[in-house]
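Biologist: I should like to learn how to read the features of a structural model. May we work through one together?

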Amino acid sequence: MACKGSLERVNYGIRFYHFNISGRKDQLSLALINGFTRNISFEYKAPYTNPLLSDGVIFGAGFYQIREIPFKTDSINNLVYYKTDDFVKNEWYITGSYSSRKAIKKKETFSITFRHIKVEDSVLSQHYNPNYFNSNSSYQNFIELAYKLQFTEVDNILYPLKGYATSLLLQKRGLQLEGGINQFIIRTSCNKYFAFSHQWYSCIRITAQVDLPFSQSYINQRVLGYKEDYLRGDEYFVIDGEAFGLVKFDLKKKLFHFNLPTFLNSKTYKTSICNLCKNIF
């Protein structure tokens, strides 16, 4: 197979992470990236801000530039890209969130983000996609408000094999009621984990989302094929729309496990357990 890579698409730069700055598991991350895309951003996470260790905050800001963007989806569900030698999309944002865990299994998160997005005027022309922003303007300034509720009852939060986890997301992008970036998202998910005999495990994942109103701009019509919402075997294809439902089934077999000493003088972390599971389906 011939390689069609190009050095023009290379990104280079620095990512800096600092963990446990104040001793409360807070994290600071910085990014300075240049090349095919440009990214200057920072984020500060403080998961524990009160003596009860139930509340946390996140602050961040960033600036992005990219040289190509998808401007439409073709008839066979492939993204079609608009690209030039210069940056065709500029975006900057400021964000903050507050999370509260009043109970061990329940977590609530409130967030607010101000975002500015600008693309080249040609993207909105009749030749490309005049519905890209659902507006005649080549830039959009808007606020995102979000509320997320999570309820988790599993044996291991990092790698659950038994129990269930549910979530509900309510998000409003843009404060106007029509035109432009005007989107109200209702999203829910439920993961149910099963443990069987002979070290067999399975999971059913159900996700559903509705975007209102049913006349979204192109950048708000991303349904399947984006981020974690994809069909196995069709990862390179996308489906646009304002609503979707997705059901996934996992089946796995535990092959073996072993313990490794950590050489720590701790009653809790003297050994580390390593498991190897194989996904069958």
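**Reading strands, exposure and aromatic pairs**

Modeller: Certainly. Please keep in mind that this is a predicted model. We may begin with the overall content and proceed to single residues.

Biologist: How many helices and strands does the protein chain have?

Modeller: The protein chain has 16 strands and zero helices. Along the principal axes, its C-alpha atoms fill a box of roughly 65 × 45 × 45 Å. Of its 281 residues, 34% count as buried. As for contacts between residues at least 6 apart in sequence, 48% join residues at least 24 apart.

Biologist: Which strand does S8 join, and in which sense do the two run?

Modeller: Strand S8 (residues 106-119) is joined by 13 bridges to strand S9 (residues 139-154), and the two run antiparallel. Within this pairing, His116 stands opposite Asn141 of S9. S9 also pairs with strand S10 (residues 163-173), again in the antiparallel sense, over eleven bridges. There, Lys148 has Leu169 of S10 opposite.

Biologist: How should aromatic pairs be read?

Modeller: A pair of aromatic rings is described by the distance of the centres and the angle of the planes. In this structure the count comes to ten aromatic pairs. One of them is formed by Tyr64 and Tyr93, which is stacked because the ring centres are 6.1 Å apart and the planes lie at 15°, under the 30 degrees that stacking requires. Since Tyr64 lies in strand S4 and Tyr93 in strand S7 (residues 89-100), this pair ties together parts that are 29 residues apart in sequence.

Biologist: Are Tyr64 and Tyr93 buried or partly exposed?

Modeller: Tyr64 counts as partly exposed, at 32% relative accessibility. Tyr93, at 16%, counts as buried, because the cut-off for that class is under 20%.

A second stacked pair to consider is that of Phe151 and Tyr164, with 6.2 Å centre to centre and 20° between the planes. Phe151 belongs to strand S9 and Tyr164 to strand S10, so the pair ties together parts 13 residues apart in sequence. Phe151 is partly exposed at 31% relative accessibility, and Tyr164 is partly exposed with a relative accessible area of 31%. In addition, Phe71, Tyr82 and Tyr128 form one aromatic cluster.

Biologist: Which residues does Phe59 touch, leaving aside those up to four places away in sequence?

Modeller: Phe59 touches Phe42, Glu43, Tyr44, Thr95 and Gly96. Its place is in strand S4 (residues 55-66), and at 47% relative accessibility Phe59 counts as partly exposed. Between Phe59 and Thr73 there are 34 Å in space, C-alpha to C-alpha, with the two 14 residues apart in sequence.

Definitions and conventions:
Residues numbered from 1 in each chain as written. Predicted model: local features only at pLDDT ≥ 70, side-chain atom pairs only at ≥ 80, totals over all residues. Heavy atoms only, no water. Helix = DSSP H or I, 4+ residues; strand = E, 2+ residues; numbered from the N terminus. Buried < 20%, exposed > 50% of the residue type's maximum accessible area, 1.4 Å probe, protein only. Contact = heavy atoms within 4.5 Å. Pairing = 2+ DSSP bridges. Phe/Tyr/Trp six-rings, centres within 6.5 Å; stacked < 30°, edge-to-face > 60°.
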